[in-house]
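Hello,

Here is the structure we talked about passing on. Please open it alongside this email, and my notes follow below.

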Amino acid sequence: MWVGMVCAVTLPPGSSLTGVGKRVDTVRGTDREARTAVEETAPQVRVGALALELTRYCNQKCDYCYNEFRDAPAATPRGEDRWPARVKRLLSAFDIGHVTLTGGEPMAYRGVFDLLGMLRASGVPTQLISNGGLFDDALAARLATFSPRSIQVTLNADTPQLHDELVGGAGHFERTLRGIAALRRHAVTVVGCMVVNRKNAHRTAEVLARFRELGVQQVALSRFSPAGYSTRHAAKLLPGREHLLACFEAALPFAKGGMRLQCTMPVPPCAVEVERYAPIRFGGCAIGTSAQEFAVGPDGRMRNCTLHGHVISQAGDVADPAVDLHALVRSNDVTGYRRKIPPFCRGCLYEDSCAGGCGAAASWVHSGAHGEHPDPFVGQYVDEGFARALARVRSDPPAASRRRRLDVIL
Ligand code: SF4
Ligand code: SF4
């Protein structure tokens with residue numbers, strides 16, 4: 001699964017978690033029933049967005065997948081499905097701006113329409129992130145009845161060869177195109193996504209033209225950011241400045257022609273003067289702001305975003321009444337996140353808004369705590385050890401593909 005919607009497109013300057021400071025009744029003791037009862041009557045806390053990773057399973061195995069569990073995509077566990085209880089509790093505790101259903105492949109989760117029904121009944125807007133490959137007319141028609149705000153589908157190239165190479169197998173290109181066409185036939189709003197990396201940046205114009213032919217008018221240009229499974233592919237995929245410039249130059253005429261383009265992963269302004277590419281929209285890391293999209297994994301545990309591996313406060317399943325949901329979004333893991341600025345970034349003009357770029361990618365690549373290293377996109381130019389490691393892996397790609405983490409070779 002890939003991002004596109006995880007980072008804020010526009011970061012409100014100086015914004016903070018709206019509502020987190022709102023008074024919430026303190027719950028003492030460990031009695032689970034009492035806590036649930038109090039939460040149901042306590043004022044809801046505003047949360048901008050939640051991404052629910054409904055299943056570990058995916059019909060693709062993309063090199064750029066940020067799922068930590070991509071190597072072990074266990075089938076849906078037998079027995080109780082905890083998602084309805086999780087969603088019920090989340091809806092009770094939070095006033096949610098929108099929910100993103102993702103995975104794995106969310107359409108492979110058997111209860112997806114039940115959850116869509118719960119969310120619709122609560123008036124919470126929904127969107128999905130899917131590879132599109134499972135959609136036929138019947139599935140698209142059923143999804144349309146739930147009026148999701150949009151479904152984001154990724155197309156990485158205009159040819160089957162390159163797209164299929166990036167997503168892990170033959171046939172996915174055609175299946176994705178068929179899925180997009182089915183969704184469009186049933187008037188579901190499709191948001192395109194292209195994961196921009198070293199291999200495909202030069203095909204940006206062709207990919208956008210293909211989206212336009214398919215009737216897709218909004219596309220996320222999500223530059224590759226290594227995390228989870230894809231960390232091992234960092235050397236192969238991490239774009240350089242020249243790749244992003246080529247992508248944005250090619251995309252600019254589409255944006256000026258009316259296509260809505262947004263770069264959904266932060267592009268640190270010390271590396272690229274993003275103002276040159278208006279009206280393409282650029283954002284920053286949303287953690288600790290009102291636009292933050294918290295992630296809840298297949299294990300039910302909450303993280304700061306879908307790329308981050310760290311579980312907030314090391315808490316358990318959000319369905320568990322012992323887990324204080326309000327405390328999670330007010331914890332120091334969230335509110336203190338932006339204060340941890342990598343040493344390289346201290347004193348930078350953009351320190352507050354950029355905060356070092358994608359901290360999740362930095363943590364994954366260096367196996368370090370958040371705040372120790374800048375975004376690997378910047379790091380490849382300012383960290384000699386990291387640059388040498390990338391060069392070493394690029395000179396020996398077969399050996400690199402067997403490695404699980406880039407840190408193994410640092
Ligand atoms: S905060 Fe760091 S990554 Fe962001 S623009 Fe400044 S130096 Fe670059
Ligand atoms: S850590 Fe990275 S993926 Fe997560 S919200 Fe920030 S920029 Fe986006």
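Which residues are closest to ligand 1? They are Pro268, Cys270, Cys345, Cys348 and Cys354. The full surround of ligand 1 comes to 13 residues. By type, that shell divides into nine nonpolar, two polar and two charged residues. Keep in mind that this is a predicted model.

Next, the sheet. It is open and has ten strands. Their order is β8-β7-β6-β5-β4-β3-β2-β1-β9-β10, and the pairing is mixed. β8 (281–282) and β10 (302–303) form the edges, each pairing on one side only. Further in, β1 (residues 45–53) pairs with β9 (residues 293–296). That pairing is parallel and runs over four bridges. To find the spot, look for Leu52, which stands opposite Val296 in β9.

One helix to view against the sheet is α7 (residues 204–213). It lies across β5 (190–196) and β6 (218–223). Relative to β5, helix α7 runs at about 165°.

Last, helix α15 (residues 384–394). Its buried residues are Phe386, Ala389, Leu390 and Val393. Why do they line one face of the helix? Seen down the axis of α15, they fall within an arc of 100°, so they share one face. The general rule is that an α-helix has 3.6 residues a turn, so residues three or four places apart point the same way. Turned away from the buried side of α15 is a face with the exposed residues Glu384, Arg388 and Ala391.

Best wishes

Conventions. Residues numbered from 1 in each chain as written. Chains lettered and ligands numbered in written order. Predicted model: local features only at pLDDT ≥ 70, side-chain atom pairs only at ≥ 80, totals over all residues. Pairing = 2+ DSSP bridges. Helix = DSSP H or I, 4+ residues; strand = E, 2+ residues; numbered from the N terminus. Contact = placed C-beta atoms within 7 Å. Axes fitted to C-alpha atoms, helices over the stretch in contact; angles between N-to-C directions. Near = placed C-beta within 6 Å. Nonpolar A, V, L, I, M, F, W, Y, C, P; charged D, E, K, R; others polar. Buried ≥ 20, exposed ≤ 12 C-beta atoms within 10 Å, placed from the backbone. Arc of directions from axis to C-beta.
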